[in-house]
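Colleague: Could you walk me through one part of this model in detail? I'd like to look at the open sheet and whatever packs on it.

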Amino acid sequence: MPAPKLQRWIDLLAALLRRTQTVPFEQLVEEVPGYLNAPSLVARRRTFERDKDELRAFGIPIETTRDSSDNVTGYLLRRASFYLPYLSLLHQGRSSKPRRIDRYGYQTLPELSFEPEQLESVVQAARRVSRLGDVGLADLATSAVRKLAFDLPVDAGLSSPRSDGIPEPSGAPVDSALLEVLDEALRAKKVVTVEYHAIGADARTTRELAPYGLFFLGHHWYLAAADGPAGPVKNFRVSRMQSVRMNELKPGTPDYEIPSAFRLRAHARSRQAWELGDSEVSEAIVELRGASGPVVAARRLGTAVEGSPTHRRFAIRRHETFARWLLSFGGEIVPVSPPALVDTYLALARATRRLYLEAR
């Protein structure tokens, strides 16, 4: 009977981890019984390649080594890249790591020590991530901190959340299953068909998109994708997708290629959060009252207002996001128009002040 996949994976990892040098494929086959059950060498190679790719997809950094002629010589899994460091907490300059490690401990592991304030920052950061409004991110943040809890005292921080004075975000929730389909399509480079609600036109349309990347900005998930087989790259808010279907034809074969010059980080930063979306564009005018470094940097954004050097003009789609950005300047940049933006800004300022007064 063919060996279960999980058993093959365990045997393959054991064969790689017991060595510090490159292991050729022929030797790995001899040490993984599941490969010996294959009817031919071609079948063994095919099964091994599939196992290797799936393990890499889980984050296990199996390296392929090559000679000077670019021929594959074998495979390597570095222990330092596979095992997590030993986690400890510093107290009065002393580590919580035990002086003696039992016979099952890994004495060669590097140590990562946290000051109490650093550990508290990690817990607070996880709490902030869990409050961004995305179910998937919240689950991942909570799971990550609970894994740290095996070695570090972080449970108390998670079980008794405290207010950090930040208003709750207003991002629309996103179905985690929908994000999983988009993630799978991105990895396989497969076209997706989505039912998309365009707010500006107040219409629901069916679109075929070639995903280039996912990014989180202004409390919302966005998909950067080519609109059509050879269309321009646009940003689509994931919360406005009713359904997503990945092309299942020719599995294992990509439907498109992402241009080598495309950089998701640069693309996401090419537009401000208040410019994203398909709502109607409105004109906003702000007054710059301060001369701090952030205000000087903000002068490069927007466009000049003729006859008024202290005013800048912005084209915005999302009033609340723009108001939150203005609020971060602490009164050194304030909105002048339109009235709806001014009202939103003042409401956020009052809510923030109330939170700080209650905390005090």
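What share of the residues in the chain is buried, and how is the open sheet put together?

Modeller: Some ground rules before the tour. This is a predicted model, so local features need pLDDT of at least 70 and side-chain atom pairs count only at pLDDT 80 or more, while totals for chains, interfaces and linings use all residues. Residues are numbered from 1 along each chain as its sequence is written, and side-chain values use heavy atoms, with hydrogens and water left out.

Your number first: 35% of the 360 residues are buried, meaning under 20% relative accessible area with a 1.4 Å probe, protein chains only. The chain has 13 helices and 14 strands; these are DSSP runs numbered from the N terminus, helices being H or I of at least four residues and strands E of at least two.

Now the sheet. It's an open one of 4 strands, ordered 12-13-11-14, with antiparallel pairing; two strands pair if DSSP finds at least two bridges between them. Strand 12 (303-305) and strand 14 (333-337) are the edges, each pairing on one side only. From one strand to the next, the twist averages 40°, with axes fitted to C-alpha atoms (for helices, over the stretch in contact) and angles running from 0 to 180 degrees between N-to-C directions.

Inside the sheet, strand 11 (residues 282-288) and strand 13 (residues 308-316) pair antiparallel over 6 bridges. I285 has R313 of strand 13 as its bridge partner.

As for packing, helix 13 (residues 339-359) lies across strand 11, strand 13 and strand 14, and it runs at about 145° to strand 14.

Definitions and conventions. Contact means heavy atoms within 4.5 Å. Buried means under 20% relative accessible area, exposed over 50%, partly exposed in between (1.4 Å probe, protein chains only).
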